[in-house]
Amino acid sequence: KRGLLLRVSFDKLKSNQPKERVYIMQELKLTTHTKTGKLAGFKSLNTSVLENSYCSKMRAKDSICKSCYAANMEKAYKGLRINIQANGDMLSSRILERHELPRINELAFRFHSTGELINEIHMVNFINIALDNPRTRFVLWTKRNDIVQKTLAKRSLPDNFKLVFSNAKLDSKDIKPPKHFIKVFSVYSKKNPTEAAINCHSKCQDCMICYSDNDITNVRELIK
């Protein structure tokens, strides 16, 4: 069973007295968001940005990642750091068994409120989580179009799994979502919104543009 201790007894060398060795079964850790934040009422599954080489490279560039709030949070909160680093290791190292996949009871669920895809195995595990929880709508924000395209060239995206392309360019003009993506999420500076019509203002649960079927393809938010 998930989350239980697996206990294995073994005989000590040259002794008839058995000893007990304890192994802890690894489990993916979900994040429950605070009542006051943008994602109030949501749960999400996250990975580390500090341990992700792509994220480290992007933070050094002139992109929205330069203002990464997730990196600061991860440095500040040890418990969060331990959990999401373990999630990343688990999700990217192998295809998980069905009993290792989390059971999701929410109608809408976010992959990566912090973090980024690491490799194709990571994406396949997200697909399998969606397949195993068909009543939930999963949404993934990602800049890793390369990983998405390579993965979906070999398998299908479940109907309850939607992709939002996270635009790395600050103050961008509207762009067309890449193949398999339903929306593009872009961030704008308060000084230079390029006359963009900001349509991301409130808490996600009060808006749900990104989690529902609609004709909006470009979601625009002012930088925090």
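**Helix crossing, cores and cysteines**

Helix α4 crosses α5 in a right-handed sense. This is a predicted model, and the helix pair is a good place to enter it. Two packed helices are described by the angle between their axes and the distance between the axes. Here the axes of α4 and α5 come within 9 Å. They cross at roughly 65 degrees. Angles of 65 to 115 degrees count as roughly perpendicular, so α4 and α5 are roughly perpendicular to each other. On the α4 side, the contact is made by E120, M123, V124 and I127. On the α5 side, I147, V148, K150, T151 and L152 make the contact.

Follow M123 next. Leaving out residues up to four places away in sequence, M123 touches I147, V148 and T151. M123 also touches L117, L140, L157, F161 and L163.

This leads into the nonpolar interior. In soluble globular proteins, nonpolar side chains tend to be buried together. The largest nonpolar core in this model has 25 residues. F111, M123, F126 and F161 have the most contacts inside it. Three helices each give two or more residues to this core: α3 (78-93), α4 (120-132) and α5 (145-152). The strands β5 (108-111), β6 (137-142) and β7 (161-166) do so too. Helix α4 gives the most, with five residues. A second core is separate and has 15 residues. Among them are F42, I64, C200 and I209.

C200 brings up the cysteines. How many disulfides does the structure hold? The structure holds zero. C207 is in no disulfide, and the nearest cysteine sulfur, that of C200, is 6.1 Å away. For C210, the closest cysteine sulfur is also in C200, at 6.3 Å. A disulfide needs sulfur atoms within 2.5 Å, so the sulfur of C210 is too far from that of C200 for a bond. Burial separates C207 from C210. C207 is partly exposed, with a relative accessible area of 31%. C210 is buried, at 10%.

Finish at A40. Where does A40 sit? A40 lies in the loop between β3 (30-32) and β4 (43-45). Is A40 buried or exposed? Buried means under 20% relative accessible area, and A40 has 3%, so A40 counts as buried. Beyond residues up to four places away in sequence, A40 touches H33, T34 and K35. A40 also touches K203 and Q205. D206 is 166 residues from A40 in sequence. In space, the C-alpha atoms of A40 and D206 are 9.7 Å apart.

Conventions
Residues are numbered from 1 along each chain as its sequence is written. This is a predicted model: local features need pLDDT of at least 70, side-chain atom pairs count only at pLDDT 80 or more; totals for chains, interfaces and linings use all residues. Side-chain values use heavy atoms; hydrogens and water are left out. Helices (H or I, at least four residues) and strands (E, at least two) are DSSP runs, numbered from the N terminus. Buried means under 20% relative accessible area, exposed over 50%, partly exposed in between (1.4 Å probe, protein chains only). Contact means heavy atoms within 4.5 Å. A nonpolar core is a set of buried Ala, Val, Leu, Ile, Met, Phe, Trp, Tyr and Cys residues joined through side-chain atoms within 4.5 Å. Axes are lines fitted to C-alpha atoms, for helices over the stretch in contact, and angles run from 0 to 180 degrees between N-to-C directions. Angles under 35 degrees count as roughly parallel, over 145 as roughly antiparallel, 65 to 115 as roughly perpendicular and the rest as oblique. A crossing is left-handed if the near helix is turned anticlockwise from the far one by less than a right angle, and right-handed if clockwise.
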